[in-house]
Amino acid sequence: MTSDSMLKISKRALDADELAEMIRLAIKAGHSVSFNAPGGSMLPFIHSDDKICVSPVAELSIRVGDILIFVRPPDNQVIAHRVVKRSPDGFLCKGDNVTFLNDGWISYESVLGRVDRVQRTGKDVRMGVKLGNRLIAWLSGKNLLVPIFNSFRRVKRGINRLFSRKSEK
């Protein structure tokens with residue numbers, strides 16, 4: 001087979017509507033879907049370009065702390081954010097690395113699935129335990145998660161600088 005007769009495959013990003021439809025069809029057929037997460041709104045738990053695996057989810061099984069994939073109503077973007085509150089009418093979702101803004105109330109009809117696995121550089125990333133996810137959701141809902149992580153980052157950098165100076169002497 002010559003290179004002229006070979007099928008050319010190009011890598012292109014899907015737009016939000018195409019991605020949502022692809023996920024919706026696969027989930028409806030009972031399949032899981034995986035794709036690379038764009039952006040940093042879920043740092044430090046999901047990094048940009050981590051592979052996130054999405055599975056079907058029943059409405060009654062969604063809990064505070066779960067990470068849902070949904071279509072955000074105002075702009076039809078496909079988003080992966082954590083449930084910080086739930087009500088009979090829907091779910092209040094928010095990115096872990098977002099200080100004040102949330103996504104508004106998301107109806108179950110907008111939910112595409114639940115993130116059940118994250119992979120970074122080919123290895124599974126620990127998603128935490130249910131209680132830990134609920135604590136993260138509570139801290140995020142109270143706008144405390146980002147400041148706490150920023151404080152830990154500053155302490156870690158200070159410790160690293162301290163030990164790197166001692167090793168230089």
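**Strand pairing, cores and backbone features of a predicted chain**

Val83 stands opposite Cys93 in strand E5. This pair of residues offers a point of entry into the model, which is predicted. The pairing to which the two residues belong joins E4 and E5, which run in the antiparallel sense over five bridges. The connection between these strands is a hairpin, and two residues link E4 to E5.

On E5 there is also a pairing with strand E6, residues 105-106, again in the antiparallel sense, over two bridges. Here Phe91 has Ile106 of E6 as its bridge partner. E5 thus takes part in a pairing with E4 and in another with E6. How many of the five residues of E5 are buried? Five of the five residues in this strand, which spans 90-94, are buried, and E5 is therefore largely enclosed by the rest of the structure.

These strands belong to a chain with three helices and eight strands. Along the sequence the elements follow the pattern α-β-β-β-β-β-β-β-β-α-α. The chain has 169 residues, of which 34% count as buried. Of the contacts between residues at least 6 apart in sequence, 53% join residues at least 24 apart. The exposed area of the chain is about 11,100 Å², and 57% of it is supplied by carbon and sulfur atoms.

The interior may be considered next. In soluble globular proteins, nonpolar side chains tend to be buried together. In this model the largest nonpolar core has 21 residues, and those with the most contacts inside it are Ile23, Phe35, Ile46, Ile52, Ile69, Val78 and Leu112. At least two residues of this core come from each of helix H1 (16-28) and strands E1 (33-36), E2 (51-55), E3 (67-72), E4 (77-87) and E7 (111-120). Which element gives the most to this core? H1 does, with five residues.

Val78 illustrates how the core is joined. Leaving aside residues up to four places away in sequence, Val78 touches Ala16, Leu19, Ala20, Ile23, Ile69, Phe70 and Leu112. Separate from this core is a second one of ten residues, which includes Val57, Phe91, Ile106 and Val111. Phe91 and Ile106, both named in this second core, are also the bridge partners described above for E5 and E6.

The backbone has several features that merit inspection. Most residues other than glycine have a negative phi, and most peptide bonds are trans. In the loop between E1 and E2 lies Pro44, and the peptide bond from Leu43 to Pro44 is cis, with omega near 5°. Asp49 likewise lies in the loop between E1 and E2. Its phi is near 80°, a positive value in a residue other than glycine. Is Asp49 buried or exposed? Asp49 counts as exposed because its relative accessibility is 55%, and the threshold for that class is over 50%.

A further positive phi occurs at Asn143, where the value is near 60° in a residue other than glycine. Asn143 is placed in the loop between helix H2 (130-141) and helix H3 (145-168). With a relative accessible area of 23%, Asn143 is partly exposed.

Technical notes
Residues are numbered from 1 along each chain as its sequence is written. This is a predicted model: local features need pLDDT of at least 70, side-chain atom pairs count only at pLDDT 80 or more; totals for chains, interfaces and linings use all residues. Side-chain values use heavy atoms; hydrogens and water are left out. Helices (H or I, at least four residues) and strands (E, at least two) are DSSP runs, numbered from the N terminus. Buried means under 20% relative accessible area, exposed over 50%, partly exposed in between (1.4 Å probe, protein chains only). Contact means heavy atoms within 4.5 Å. Accessible areas come from the Shrake-Rupley method with a 1.4 Å probe; for residues, only the protein chains shown count as cover. A nonpolar core is a set of buried Ala, Val, Leu, Ile, Met, Phe, Trp, Tyr and Cys residues joined through side-chain atoms within 4.5 Å. Two strands pair if DSSP finds at least two bridges between them.
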